[in-house]
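The following exercises concern strand pairing, a disulfide and several individual residues. Each task is followed by a worked solution.

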Amino acid sequence: MKFLLPGKLTRSFLLLALSLLNPIPAHADETLNIRPQEVPDACNARSAQVRVTVNNMRAGGVLNVELYDDPDNFLFKKGRKRKVRIPAADGQQKVCMNLEQPGTFAVAVYHDIDANRKLKKRWNLLPEEPFGLSKNPKQQTGFPKFSDSAFTTGKLGADIVIDLQQPPKP
């Protein structure tokens, strides 16, 4: 007999609940390539977590939300603390990630329209898919800085809002 750990049980329940709330085919997690460790945590304002609200979403593909805590490796896999992926829906979407401890973080989001697990980029490395950063810094030509998007959490985490931006016109 196999027993599930509470964390696995919670994620399994959350996947089931999400599948009942969203009119998505049963195979969507395979089609959209969302892995079990990428499922968001249940939102709870009394928990130490980052609660991210993303505005300006459109249905189709996947919303990718990444949490960073390493200023020297911001927007690189090496500096990423956590990645969450959910099916993209129209309007506003909320994603929550539990924190081990308070700290200084930055969040990057992008709408992975084709669900290929990669942010499409142009030859000059500017994004071709909708994207956004915590604190909503203005678009710039250079690589974004951690300090422009960084926020510090308290013992109950933080609530942040990110306005998804359309990629700049070529």
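Two strands pair if DSSP finds at least two bridges between them. The model examined here is predicted.

**Exercise 1. Pairing of β5**

Task: Determine in which sense β2 and β5 pair, and over how many bridges. Then identify the other strands joined to β5.

Solution:
- Step 1. β2 (62-68) and β5 (104-112) pair in the antiparallel sense, over seven bridges. Within this pairing, V65 has V109 of β5 as its bridge partner.
- Step 2. Three bridges join β5 to β6, and these strands run antiparallel. Here Y110 is matched with F131 of β6 as bridge partner.
- Step 3. Strand β7, residues 151-152, is joined to β5 by two bridges and also runs antiparallel to β5. The bridge partner of F105 in β7 is F151.
- Step 4. With at least two bridges as the criterion, the two bridges between β5 and β7 satisfy the requirement for pairing.

**Exercise 2. Covering of β5**

Task: State how many of the residues of β5 are buried.

Solution:
- Step 1. A residue is buried if its relative accessible area is under 20%.
- Step 2. Eight of the nine residues of β5 are buried, and the strand is thus mostly covered.

**Exercise 3. The disulfide**

Task: Locate the disulfide, give its handedness, and explain which parts of the chain the pair ties together.

Solution:
- Step 1. A search of the whole structure finds one disulfide. Its cysteines are C43 and C96, with sulfur atoms 1.9 Å apart.
- Step 2. C43 lies in the loop between α2 (28-31) and β1 (49-57), whereas C96 lies in strand β4; the pair therefore ties together parts that are 53 residues apart in sequence.
- Step 3. Because the torsion about the S-S bond of C43 and C96 is about 100 degrees, the disulfide is right-handed.
- Step 4. C43 counts as partly exposed because its relative accessibility is 42%. C96 has a relative accessible area of 0% and is therefore buried.

**Exercise 4. Positive phi outside glycine**

Task: For L75 and R117, describe the phi value and decide how accessible each residue is.

Solution:
- Step 1. L75 is placed in the loop between β2 and β3. Its phi is near 70 degrees, a positive value in a residue other than glycine.
- Step 2. With a relative accessibility of 27%, L75 counts as partly exposed.
- Step 3. R117 is placed in the loop between β5 and β6 (131-133). Although R117 is not a glycine, its phi is positive, at about 70 degrees.
- Step 4. R117 has a relative accessibility of 15% and so counts as buried.

**Exercise 5. Two polar residues**

Task: Is R82 buried or exposed, and which residue does its side chain contact? Is Q101 buried or exposed, and how far is its C-alpha atom from that of T153?

Solution:
- Step 1. R82 belongs to strand β3, residues 80-87. Its relative accessibility is 15%, so R82 counts as buried.
- Step 2. The side chains of R82 and D41 are joined by a polar contact of 2.7 Å.
- Step 3. Q101 is found in the loop between β4 (91-98) and β5. At a relative accessibility of 56%, Q101 counts as exposed, because the cut-off for exposed is over 50%.
- Step 4. A separation of 8.8 Å is found between the C-alpha atoms of Q101 and T153, which are 52 residues apart along the chain.

Note on methods
Residues numbered from 1 in each chain as written. Predicted model: local features only at pLDDT ≥ 70, side-chain atom pairs only at ≥ 80, totals over all residues. Heavy atoms only, no water. Helix = DSSP H or I, 4+ residues; strand = E, 2+ residues; numbered from the N terminus. Buried < 20%, exposed > 50% of the residue type's maximum accessible area, 1.4 Å probe, protein only. Polar contact = N/O pair within 3.5 Å; in protein donor to acceptor, adjacent residues only side chain to side chain. Disulfide = S-S within 2.5 Å.
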